[in-house]
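Reader: Hello! I'd like a close look at one part of this structure, with its surroundings filled in around it. Could you walk me through the sheets of chain A and then carry on outward from there?

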Amino acid sequence: MANSVIQVENLVKRYGDVEAVRGVSFAVEEGEVFGLLGPNGAGKTSTVEILEGLRTLDSGRVSVCGLDPQRNAQELKHEIGAALQSTSLPDKLRVMEALRLFSSFYKRRRDPEDLLKRFGLEEKRNTFYNQLSGGQKQRLALAMALVNDPKVVFFDEPTAGLDPQVRREIYDIIEELKREKKTLVMTTHYIEEAERLCDRVAIVDHGKVIALGTPRDLKAHAGGATRIEVRLSKPETDGVLKTLDGVADARVVDGTCVIHSKRPPQAIVSLVKHLEAQGNELISLEIATPSLEDVFIEMTGRRLRD
Amino acid sequence: MTNFATLTRMRIQLTLRNKMFLFFSVIMPFGFFFLYAGVFAKGVPLGVQYFMGPVIALTVMGSFWGLSAALVMFREQGILRRFHVTPVTPSDMLASSVVANFVLTLPTVLLEFLFARTIFHVTHFGDLLSTFLLIALGTVSFASMGLVVASVTNTMQETQVINQIIWFPLIFLSGATVPLANLPQVAKRVGLFLPATYLVTGLQSAIYWAVAPWSVDVLLALCSLAVWGALTFFLSAQLFRWEPESKIPRRAKLLAAATAIPFFLLGIWENKTNRTMAQAQAMFESLSGPSKSAPPADSHK
């Protein structure tokens, strides 16, 4: 804990009457990729923007690289790099100009040519910002977060709104940063993203951390059970489903029965028998391997979806 | 290079790539120039020299439009947020706007002088030091006013509305369009509370009557613009907002209104002494009365 790069203790942030962050605590170690996973409006962006020194906190304590983001904002900004959500650049700024301009603000700099190459933007070096595609804009945003060779990098929803192809490109970039042992904090509402990229994940909901650990530990915590999702022609209560042979846990989420089982074949057989006896019918059935989605469902009774 | 210098260069580059700039900073000022020199002054060199003051004042003042709009657009689109995570400070951001604006206004002003000389054969441009100082302080102070407008408005529409509200009295009650001498008494009295009046009369004194910077007519304009410019710039840095969603504090609008104080006080004094009005009247009469083509000795010292 003592040498954590980022420390957050009991962080609270209010917007008027709304409490967006309600007592969040976590620590990020050097060289770690740390993910904040949660639905939109969970308080992820507020938390990250407080760490970046963009927003003030209402109570609690945060430190980044040993600095207070509010009191040492100027110093801190030399140490961090960020790709923000809902940000933009001037339409008529060229790619290379943007990289050069932003790197000029820092004491420590990385060669913009290098970043251009690495983020696959060489051919776009003289293109105006408003002529870039969504994926190119995002790659530029990530490249710009690295112009000062920062100690800590923040990526806020790095793949939101991008198509799967571009998303995979961004994953590759993040995995490369991971190999370089960069300390990276990222927010996301994509489960696969958190599972694939993050060393540790804090699952955030309604301004609180509801689970924290490595993706593997979190999944184990959820029972490591297979998820079976069924839709029935007549509604069924979770109480009855829970009693079936092979079913570890069952609950009804948005009209779908979500069953967790360590012995899926038995669970399915007993479910089908039960339905026949009840004169109920199976409309659809899906089987999913355990994921962080299961952790979220278990903790909140809701799904984590965009 | 410092952050301020690189930002200034970026702003100049971006403005030159913007088509709106061409209209507001090139076409419009030259439109005014040829209207005044060709139509109002009928191309007569002395008349052109008389109208150079208002023309230059319009060019200098007009630049606040683009400046306030650009800053609000930067904030609305989330561009300022991106700068907020860098070590760039509000002062870097604002000072670069003001300086870029000055650098971009200067060529237009120089071209206006060049055209006056080559097309309308004006041989004398009065006191060049006075003229330059007034142009410099005028550009900087009106740009700072643009920054204050940007800090108390949230959207481009709001900014444009406020700009219109400010712009019309500035050009119609200051002598920039209708010579002060021709304005009705009430308008004259109101005009004395506007910074534009002192810029127009100051420039006219400098160019038409070659008044030196240390004589009262120009010095007063220089000092009042400097005080007002410093106040508006300081305030715009205090009220600066990076984030589109951050609210305008209630005291902001009050503080913005407080920038009117220097010219409010000057206006009261001028309404009593009638000094600037007399100067404007004398210059106007010397233009219409052919016998008095030169300033009466000592009258403006």
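Author: Happy to; here is a walk from the sheets of chain A to the core and then to chain B. Please keep in mind that this is a predicted model.

Let's begin with the frame that holds the sheets. Chain A has eleven helices and 13 strands, and its C-alpha atoms fill a box of roughly 75 × 45 × 35 Å along the principal axes. Of its 306 residues, 42% are buried. Among the contacts in chain A with a separation of 6 or more, 68% join residues 24 or more positions apart. The domain assignment splits the chain into domain 1 (6-219) and domain 2 (225-289), and the C-alpha centres of these two domains of chain A lie 40 Å apart.

Now to the sheet of four strands. In chain A the order is S11-S12-S10-S13, the sheet is open, and the pairing is antiparallel. Strand S11 (249-253) and strand S13 (282-288) of chain A each have a single partner strand, so they stand at the edges and one side of each is left without a neighbour in the sheet. From one strand to its neighbour the average turn is 20°, with direction ignored. If you want a pair to zoom in on, take strand S10 (residues 226-232) of chain A and S13(A), which are joined in the antiparallel sense over six bridges. Within that pairing, A:Ile228 has A:Ile287 of S13(A) as its bridge partner. A helix belongs to this picture as well: helix H10 (residues 264-278) of chain A lies across S10, strand S12 (256-261) and S13 of chain A, and runs at about 15° to S10(A).

A second sheet of chain A can be read in the same way. Three strands form this open sheet in the order S2-S1-S4 (chain A), again with antiparallel pairing. Strand S2 (18-28) and strand S4 (59-64) of chain A are the edge strands, each pairing on one side only. Here the twist averages 25° from one strand to the next. Strand S1 (residues 6-15) of chain A pairs with S2(A) over eight bridges in the antiparallel sense, and A:Tyr15 stands opposite A:Val18 in S2(A). Helix H1 (residues 44-51) of chain A packs on the sheet and touches S1, S2 and S4 of chain A, while its direction makes about 120° with that of S1(A).

From S4 of chain A we can step into the loop between S4 and helix H2 (73-79) of chain A, where A:Cys65 is found. You may like its backbone: phi of A:Cys65 is near 50°, a positive value in a residue other than glycine. A:Cys65 counts as partly exposed because it has 18 C-beta neighbours inside 10 Å, and 20 or more would be needed for a buried residue.

Next comes the core. In soluble globular proteins, nonpolar side chains tend to be buried together. The largest nonpolar core here holds 168 residues, and those touching the most other members are A:Ile203, B:Ala57, B:Leu134 and B:Leu199. Its largest share, 18 residues, comes from helix H3 (residues 45-76) of chain B. Domain 1 (6-219) and domain 2 (225-289) of chain A each give at least three residues to this core. For B:Ala57, the contacts beyond four places in sequence are B:Gly138, B:Ala176, B:Ala196, B:Leu199, B:Val200 and B:Leu203.

Staying in chain B, look at B:Val140 in helix H6 (residues 128-151) of chain B. B:Val140 counts as buried because 22 C-beta neighbours lie inside 10 Å. Apart from residues up to four places away in sequence, B:Val140 touches B:Val98, B:Phe102 and B:Gly229. B:Ser97 is 43 residues from B:Val140 in sequence, with 9.7 Å between their C-alpha atoms.

The loop between helix H5 (90-118) and H6 of chain B holds B:His121. B:His121 is not a glycine, yet its phi is positive, at about 55°. With 11 C-beta neighbours inside 10 Å, B:His121 counts as exposed.

Last, let's bring the two chains together. Their contact takes 19 residues from chain A and 17 residues from chain B. On the side of chain B that touches chain A, helix H1 (3-16) and helix H4 (79-84) of chain B are the elements that give two or more residues. The residues on that side of chain B divide into seven nonpolar, seven polar and three charged.

Technical notes. Residues are numbered from 1 along each chain as its sequence is written. Chains are lettered from A and ligands numbered from 1 in the order in which they are written. This is a predicted model: local features need pLDDT of at least 70, side-chain atom pairs count only at pLDDT 80 or more; totals for chains, interfaces and linings use all residues. Two residues are in contact if their C-beta atoms, placed from the backbone, lie within 7 Å. Ala, Val, Leu, Ile, Met, Phe, Trp, Tyr, Cys and Pro count as nonpolar, Asp, Glu, Lys and Arg as charged, and the others, Gly among them, as polar. A residue is buried if 20 or more other C-beta atoms lie within 10 Å of its own, exposed if 12 or fewer, and partly exposed in between; C-beta atoms are placed from the backbone. Two strands pair if DSSP finds at least two bridges between them. Axes are lines fitted to C-alpha atoms, for helices over the stretch in contact, and angles run from 0 to 180 degrees between N-to-C directions. A nonpolar core is a set of buried Ala, Val, Leu, Ile, Met, Phe, Trp, Tyr and Cys residues joined through C-beta atoms within 7 Å. Domain bounds come from an automatic or database domain assignment.
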